[in-house]
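Thanks for coming. I will go through one structure this morning, piece by piece, and keep to what can be read from it.

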Amino acid sequence: GFPVVLKATAGGGGRGIRVVEKPEALADAFRSATAEATAAFGNGALFVEAMIRGGRHIEVQIAADKHGNARAFGCRDCSVQRRHQKVVEEAPPPGLSDALLERIENAATNLVRHVGYSGVGTVEFLLRGDDFYFLEVNPRLQVEHGLTELIAGIDLVEIQIRIARGESIAEIPRQRRGVALEARVCA
């Protein structure tokens with residue numbers, strides 16, 4: 001059903017995204033998003049997802065090693081955006097219960113474990129009420145990874161290097177402390 005969102009599979013930075021409100025607008029939006037994605041990323045492949053209005057953009061910082069260990073090191077709320085670009089990020093996400101955060105983190109670690117991922121990355125979800133929907137996985141450190149480092153008491157670059165060296169991440173301690181905010185200046 002409509003509305004839907006077209007998104008570039010190789011996307012980033014808000015490029016290759018189109019909201020389509022009506023079926024008759026789909027063909028033009030598809031052509032436009034494909035052209036933009038091809039120009040920006042060299043890959044015009046798109047996927048379609050339901051348009052969720054009023055949802056919150058929640059990210060889970062994950063790490064997975066070559067021994068089958070997948071860990072979540074906390075969640076971030078990246079809902080304040082302008083033109084699909086994050087403007088304010090907050091960790092942990094305000095107003096969410098520990099039980100809901102645990103469900104979201106478990107979904108993220110189950111996903112990366114299931115696909116055999118190894119490395120540090122981010123699993124992104126769209127949250128509406130107590131329901132959340134998978135958006136994407138970023139297999140890299142994102143700009144806002146420093147927020148997670150502050151609240152979890154970890155060094156994600158060190159963890160990334162340890163994973164690359166073949167070490168286990170099973171025993172890396174995770175703290176739950178404080179609140180961290182990041183605001184981007186768009187100039």
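Before the pairs, one term: two strands count as paired if DSSP finds at least two bridges between them. With that in hand, look at the hairpin of strand 7 and strand 8: Arg-128 has Asp-131, in strand 8, as its bridge partner. I should also say that this is a predicted model.

Let me stay with that hairpin. Strand 7 and strand 8 run antiparallel and are joined by seven bridges. Two residues sit between the strands, and Gly-129 in this hairpin has a positive phi near 65°.

Now the sheet that holds this hairpin. It is an open sheet of six strands, and the order across it is 8-7-4-5-6-9, with antiparallel pairing. Which strands are at the edges? They are strand 8, residues 131-138, and strand 9, residues 180-183, and each of them pairs on one side only. On average, neighbouring strands of this sheet are turned by 30° against each other, if direction is ignored.

Further in, strand 4 covers residues 56-64 and strand 5 covers residues 70-82; these two are antiparallel, with six bridges between them. One pair to find on the screen is Glu-59, which stands opposite Arg-76 in strand 5.

As a general point, side chains in a regular strand alternate between the two faces of the sheet.

Arg-76 deserves a second look. Is Arg-76 buried or exposed? Its relative accessibility is 0%, and the cut-off for buried is under 20%, so Arg-76 counts as buried. The side chain of Arg-76 also has a polar partner: it makes a polar contact with the side chain of Gln-61, at 2.8 Å.

Next, the helices on this sheet. Helix 2, residues 98-115, lies across strand 4, strand 5, strand 7 and strand 8, and it runs at about 110° to strand 5. Helix 3, residues 145-152, packs on the sheet as well, where it touches strand 4, strand 5, strand 6 and strand 9. The direction of helix 3 makes about 130° with that of strand 5.

A little more on helix 2. From its first C-alpha to its last, this helix of 18 residues reaches 26 Å, close to the 26 Å expected at 1.5 Å a residue. Which residues of helix 2 are buried? They are Leu-100, Leu-101, Ile-104, Glu-105, Ala-108, Thr-109 and Val-112. The cover over these buried residues includes strand 4, strand 5, strand 7 and strand 8. Just after the helix comes Gly-116, with a positive phi of about 75°.

Helix 4, residues 156-164, gives one residue to mention, Gln-160. Gln-160 is partly exposed, at a relative accessible area of 31%. Setting aside neighbours within four places in sequence, Gln-160 is in contact with Val-120 and Leu-141. Gln-61, the partner of Arg-76 a moment ago, is 99 residues from Gln-160 along the chain, and their C-alpha atoms are separated by 12 Å.

On to the cysteines. How many disulfides are there? The count comes to zero. For Cys-75, the nearest cysteine sulfur is that of Cys-78, 10 Å away. A disulfide needs the two sulfur atoms within 2.5 Å, so the sulfur of Cys-78, at 10 Å from that of Cys-75, is too far for a bond. Cys-75 is buried, with a relative accessible area of 2%, and Cys-78 counts as buried too, at 0% relative accessibility.

The last part is another sheet. Three strands form this open sheet, in the order 2-1-3, and the pairing is antiparallel. Why is one side of strand 2 and of strand 3 left without a neighbour in the sheet? Strand 2, residues 17-20, and strand 3, residues 46-50, stand at the edges, and each has a single partner strand. From one strand to the next, the twist averages 20°.

Strand 1, residues 4-8, pairs with strand 2 over four bridges, in the antiparallel sense. Within that pair, Val-5 stands opposite Val-19 in strand 2. Helix 1, residues 26-41, lies across strand 1, strand 2 and strand 3, and runs at about 170° to strand 2.

That is the end of the tour. Thank you.

Conventions: Residues numbered from 1 in each chain as written. Predicted model: local features only at pLDDT ≥ 70, side-chain atom pairs only at ≥ 80, totals over all residues. Heavy atoms only, no water. Axes fitted to C-alpha atoms, helices over the stretch in contact; angles between N-to-C directions. Contact = heavy atoms within 4.5 Å. Expected span 1.5 Å × (residues − 1). Buried < 20%, exposed > 50% of the residue type's maximum accessible area, 1.4 Å probe, protein only. Polar contact = N/O pair within 3.5 Å; in protein donor to acceptor, adjacent residues only side chain to side chain.
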